[in-house]
Amino acid sequence: AAARAMKNMGASDLRLVKPPSDWKIKGRKMAMSARDILEKASVHSNLKTAIRDRYLVIGTTRRSGAKRGLFVSFDDAIKKSRHIF
């Protein structure tokens, strides 16, 4: 599903951190027309190695809560990321 969403938005660099052993089998069923993105996906043992060559990384979630850490609204995140570049 992530590969399909990425393809729809023009992204192609899928990085997976500790995916389950059967990720390719299950992923092919979900990827549909985005199998090329799935096949090029890189697998990493931890988040640090997966993003080590990136300057800015933004994670999103629909969940909130005390254990989620710093929360910035989408609009504020866009404003702050514009100042970085």
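Analyst: Welcome! Helices are DSSP runs of H or I with at least four residues, strands are E runs of at least two, and both are numbered from the N terminus. R28, for example, is found in helix α2. The model is predicted, so local features need pLDDT of at least 70 and side-chain atom pairs count only at pLDDT 80 or more, while totals for chains, interfaces and linings use all residues. Residues are numbered from 1 along each chain as its sequence is written, and side-chain values use heavy atoms, with hydrogens and water left out.

User: Is R28 in α2 best called buried, partly exposed or exposed, and which residues does R28 touch?

Analyst: Buried means under 20% relative accessible area and exposed over 50%, with partly exposed in between (1.4 Å probe, protein chains only). R28 has 32% relative accessibility, so R28 counts as partly exposed. Contact means heavy atoms within 4.5 Å. Not counting residues up to four places away in sequence, R28 touches R35, L38 and E39. For a sense of distance, R28 and S81 are 53 residues apart in sequence and 33 Å apart in space, C-alpha to C-alpha.

User: Which residues of α2 are buried?

Analyst: In α2, the buried residues are W23, G27 and A31. Their arc (from the directions between the helix axis and the C-beta atoms) is only 50°, so they sit on the same side of α2. Among the elements covering these buried residues are α1, β1 (15–17), α3 and β2 (42–44). On the face of α2 turned away from its buried side you will find the exposed residues I25, K26 and K29. Just past the helix, α2 is followed by M32, whose phi is positive, near 50°.

User: How many residues does the largest nonpolar core have, and which are they?

Analyst: Such a core is a set of buried Ala, Val, Leu, Ile, Met, Phe, Trp, Tyr and Cys residues joined through side-chain atoms within 4.5 Å. Here the largest nonpolar core has 10 residues: A3, M6, L14, L16, W23, A31, A34, I37, L38 and A41. At least two residues of this core come from each of α1 (2–9), α2 (23–31) and α3 (35–40). Take A34 as one member of the core: leaving aside its neighbours within four places in sequence, A34 is in contact with A3, R4 and K7.

User: How many salt bridges does the structure hold, and where do the side chains of K26 and R15 meet a partner?

Analyst: A salt bridge is a side-chain nitrogen of Lys or Arg within 4 Å of a carboxyl oxygen of Asp or Glu. The structure holds 7 salt bridges. One of them joins the side chains of K26 and D22 (3.4 Å, N to O). K26 counts as exposed because its relative accessibility is 53%, whereas D22, at 26%, counts as partly exposed. Another joins R15 and D13 (2.8 Å, N to O). R15 is partly exposed because its relative accessible area is 23%, and D13 counts as partly exposed at 40% relative accessibility.

User: Which residues are linked with D13 and R15 in a network of salt bridges?

Analyst: The network of salt bridges links D13 and R15 with D53 and R54. Within that group, the side chains of D53 and R54 meet in a salt bridge (3.9 Å, N to O). R54 is partly exposed, because its relative accessible area is 42%.

User: Where does I84 lie, and is I84 buried or partly exposed?

Analyst: I84 lies in helix α5 (residues 74–84). With 38% relative accessibility, I84 counts as partly exposed.
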